[in-house]
Amino acid sequence: RRVRIDVVTIFPGYLAPLREALLGRAIEAGLVELGVHDLRDWTHDVHQAVDDSPYGGGPGMVMRPQVWGEALDAVLAAGPARLVVPTPAGRPFTQATAQAWAGEERLVFACGRYEGIDQRVVDSYAARMPVDEVSIGDYVLVGGEVAVMVMVEAVVRLLPGVLGNPVSAQEDSFSDGLLEGPAYTRPVSWRGLDVPEVLRSGNHAAIARWRRDRALERTAARRPDLLDALPEDALDRADRAF
Ligand SMILES: N#Cc1c(-c2ccc3ccn(Cc4ccc(CN5CCCC5)cc4)c3c2)n[nH]c1N
């Protein structure tokens with residue numbers, strides 16, 4: 001299956017890293033088509049203005065609807081898509097969101113800057129296609145480009161053929177509801193620190209038990225919210241020690 005991803009931004013160069021490494025190979029393999037478009041290509045004034053002062057006052061500038069309308073009409077002319085608009089005020093982007101979008105044929109990302117995009121852009125497209133206003137986390141960025149990089153990576157890694165070891169896409173730390181535990185490789189001793197004995201014991205039941213214990217311990221310490229969200233039957237008696 002192939003996915004067509006289009007990104008509209010005033011900083012197209014910001015998205016260049018998407019063509020590196022894993023994603024670059026997915027594009028070369030034809031699993032992903034990526035189009036990055038400069039919003040200013042759809043301005044008509046000599047200053048290429050994309051922003052203006054906010055109605056009702058307030059800090060900063062807001063991105064004008066007309067330019068976005070012409071840009072998105074042009075990009076969306078290629079066929080139906082899901083429109084994704086990163087914003088600090090968006091619904092949380094999660095692994096479940098990435099899984100859902102990995103099944104889409106086309107994703108179009110609108111990268112805002114300044115204080116965001118005139119709301120009528122989202123409202124006008126929401127009338128005729130799925131539009132998701134999403135946030136990648138509870139911290140404030142300067143624009144949507146970094147968020148798009150995060151979301152594109154999270155989605156593309158789920159596409160069949162992109163990852164060398166597809167099993168890990170299912171075994172993401174968020175798939176059994178716990179954070180993954182510590183990982184080790186050679187040498188067995190490094191700067192006076194040794195690999196836990198059990199991992200070299202060959203006792204696969206003990207190894208599985210140890211790994212689950214470490215995952216529970218870490219989740220309880222760092223993400224107690226994930227523990228609370230576990231379904232009732234997810235923790236057995238041995239688990240409850242944490
Ligand atoms: N995803 C995601 C995001 C973003 C994000 C995404 C897209 C854009 C477009 C512009 N900005 C900058 C900005 C910054 C602050 C505000 C809030 N206002 C400031 C004064 C009154 C409220 C509005 C916009 C963006 C930020 N930030 N954090 C995330 N998780």
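Start with how this chain folds back on itself: of the contacts between residues at least 6 apart in sequence, 75% join residues at least 24 apart. Keep in mind that what you're looking at is a predicted model.

The protein is built from 8 helices and 9 strands. As for its overall proportions, a compact globule of 242 residues would have a radius of gyration near 18 Å, yet this protein comes out at 22 Å. Its C-alpha atoms fit a box of roughly 70 × 40 × 40 Å along the principal axes.

Here are a few whole-protein values side by side.

| Property | Value |
|---|---|
| Residues that count as buried | 41% of 242 residues |
| Accessible surface | about 14200 Å² |
| Share of that surface from carbon and sulfur atoms | 53% |
| Distance between the centres of the positive and negative side chains | 6 Å |

Behind that last row are 26 positive and 35 negative side chains.

Now zoom in on one helix, α5, which covers residues 145-156. At 1.5 Å a residue, its 12 residues should span 16 Å, and the end C-alpha atoms are indeed 16 Å apart, so the two agree. How many of the 12 residues of α5 are buried? The count is 9, so the helix is largely enclosed by the rest of the structure. To find them in the viewer, look for Glu145, Ala147, Val148, Met149, Met151, Val152, Ala154, Val155 and Val156.

Note on methods
Residues are numbered from 1 along each chain as its sequence is written. This is a predicted model: local features need pLDDT of at least 70, side-chain atom pairs count only at pLDDT 80 or more; totals for chains, interfaces and linings use all residues. Side-chain values use heavy atoms; hydrogens and water are left out. Helices (H or I, at least four residues) and strands (E, at least two) are DSSP runs, numbered from the N terminus. The radius of gyration is taken over C-alpha atoms; the globule rule is 2.2 Å times the number of residues to the power 0.38. Buried means under 20% relative accessible area, exposed over 50%, partly exposed in between (1.4 Å probe, protein chains only). Contact means heavy atoms within 4.5 Å. Accessible areas come from the Shrake-Rupley method with a 1.4 Å probe; for residues, only the protein chains shown count as cover. Lys and Arg count as positive and Asp and Glu as negative; His and the chain ends are not counted. The place of a charge is taken as NZ of Lys, CZ of Arg, CG of Asp or CD of Glu. The expected span of a helix is 1.5 Å times one less than its number of residues.
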